[in-house]
Amino acid sequence: MAAIDQSEVHKVADLARLALSPEEEKTFAGQLSSILDYFEQLSELDTTDVEPTTRAIELSNITRADERKTGVEPAAMLEIAPEPDGEFFRVPQILADAE
Amino acid sequence: MAAATATQTKYEAIIGLETHCQLNTNTKIFSPVSTQFGAPPNTNISPICLGYPGVLPVLNEKVLEYAVKAGLALNCQIAPYSKFDRKQYFYPDLPKNYQISQYDLPIAEHGWLEVEIVDKKTQAVRRKRIGITRLHMEEDAGKLVHAGSDRLSGSTHSLVDFNRAGVPLLEIVSEPDIRSGAEAAEYGQELRRIVRYLGISDGNMQEGSLRCDVNISIRPVGQTEFGTKVEIKNMNSFSAIQKAIDYEIERQIKAVGKDEPIVQETRLWEEGSQRTISMRKKEGSSDYRYFPEPDLPPIEVSVEQREAWGGELPELPAQKRHRYEEELGLSAYDARVLSDDRAVAEYFEAAIATGAETKQVANWLMGDIAAYLNSEKLAVTEIALTPANLAELVTLIEKGTISGKIAKEILPELLTDAVDSVEKLVESKGMTQISDTGALEAMIDELLTANPDKVEQFRAGKTKLQGFFVGQLMKKTSGRADPKVANKLLSKKLKG
């Protein structure tokens, strides 16, 4: 497993909208690398005949009927929003490049 | 058009469509709140659609059923094992900061649909299969209103309406099999016909229930590798899709001709100026960091379940078109028009089931009745005239009980007022055709007596005057004289 370098940390942080200083990027690169190395031990196991797992719990097809249920009052949710604006949720200016 | 030089390269366009189709379920895909369009802002919301911590999304069973049915109708393979994934991106229309979608195990893959392309000049019909790469379920996002400007740029802040957040969508991705704007528009229309036939979506483009994004590139004919692909958005009608693509093909060919590079970007169709404009450059593919949605267990569609849903599919538009042509002997045009809307097709089938003449029923339905539905903005199910009434009307004309002209006269009443029997109605109105020889002969005798000069002229060789007598007879009978019988009798009597 290739070690995580600083540019990889920078990219992931950027995708997660985290602002890290170059020093933090260096620290996390080291820490993330050692975490991945630790998990790397799993590759010692022979998984040739094991189906890929997407979930830890054996459960499937949980669905509900297409019926309305009353729950929390919409107005109550609007009220506790950071910036309610009439019938709307107001959000700060969106930067075009954030799209 | 500029004269083509002998060395001019011929290009072909490679087009794929990505369509988002809103399902018409009562409630959202993962939460039990209404999906009603046009409700006051932020009234159809719940902690699940707002992404509150600790909430548990649960899949609406109708969404799964509709997705499988759509997949089957599009000739797809239904995945025996499918799952949901989180697609991460940050935008205020998506309060969770991820969209629940399907990534590597979509519910349906590897399908196709058939389109019919009509040649404008010759009216010849060409059939073509367009591949369907995949179909998956996902949730819609909310709607943003940008304040202080009608565009994002220049706005000071934005307002969000989350009513649409969590409305179920099917995303349907086509193979890059489409070659022209006309083919793309036809593909979109066929897709809409199919979802409407299935009754899973209203397919309304104006309200955004059906949204199409186009991927398009050009390459010299004969070249196998693809050119740089451009995405076009913002078309809200099929004709806009066609025009946007035709514009874009032209633009790209011109650019290549001038050695200008095609940039990988998203362009918007501007309806006002009828052109596409650059919206943003796309550098590389976005990194959405998909991972399996831990709150939703996987979906396993059993063979029994798939077959049960498959058994509920109606006859689909393409099947109807083929059957109308091959079994009923209708033209490709008639078959297309009659099968476009499922309700009209079913009305048509109910009418001909009684034995009424197919082509006549088709003509009434596509002519006078369609015109009325159009002008009154009604569905065929909303008129008083039943399929049985129409069949009876056609049969009455066939039998000669009433003339086609009388039928047209009586139709408006039949469209608005329900009747049990058309025959009784025409009888009570005295509108039946007079084919009784005795009655007609008496009237003809009267006419000849009243116009001795014309009779003389006729006998002197001015045989065209027979038309005058036919006209007089029709006037006398308010158009009810059976023209065949009347003409025969007149000829005989005029000749003396």
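In this predicted model, B:Cys212 counts as buried, at 2% relative accessibility. Its sulfur has the one in B:Cys21 as the closest cysteine sulfur, and because 9.5 Å separates the two, they are too far apart for a bond. A disulfide would call for sulfur atoms within 2.5 Å, and by this rule the count over all chains comes to zero. B:Cys76 is likewise in no disulfide, the nearest cysteine sulfur, again that of B:Cys21, being 13 Å away. The relative accessible area of B:Cys76 is 9%, so this residue is buried.

Turning to the strands, a good place to begin is chain A, where β2 (residues 84-85) and β3 (residues 88-92) pair in the antiparallel sense over two bridges. In one of these pairings, A:Asp85 has A:Phe88 of β3(A) as its bridge partner. The two strands form a hairpin with two residues between them, and A:Gly86, in the turn, has a positive phi of about 60°. β3(A) is also joined to chain B: four bridges link it to β9(B) (residues 157-161), and the two strands run antiparallel. Across this pairing, A:Phe89 stands opposite B:Val160.

As for internal space, a search of the whole structure finds one cavity of 30 Å³ or more. The largest cavity holds about 40 Å³ of space. Its lining consists of B:Cys49, B:Asp93, B:Leu94, B:Pro95, B:Lys96, B:Tyr98, B:Glu139, B:Asp140, B:Ala141 and B:Ala165. By residue class, this lining divides into six nonpolar and four charged residues, with no polar ones.

Definitions and conventions:
Residues numbered from 1 in each chain as written. Chains lettered and ligands numbered in written order. Predicted model: local features only at pLDDT ≥ 70, side-chain atom pairs only at ≥ 80, totals over all residues. Heavy atoms only, no water. 1 Å grid on protein atoms, 1.4 Å probe; cavity = no way out; pocket = protein on both sides within 12 Å on 5 of 7 lines; lining within 4 Å. Points joined across faces, edges and corners; volume = space filled by probe spheres on them. Nonpolar A, V, L, I, M, F, W, Y, C, P; charged D, E, K, R; others polar. Pairing = 2+ DSSP bridges. Buried < 20%, exposed > 50% of the residue type's maximum accessible area, 1.4 Å probe, protein only.
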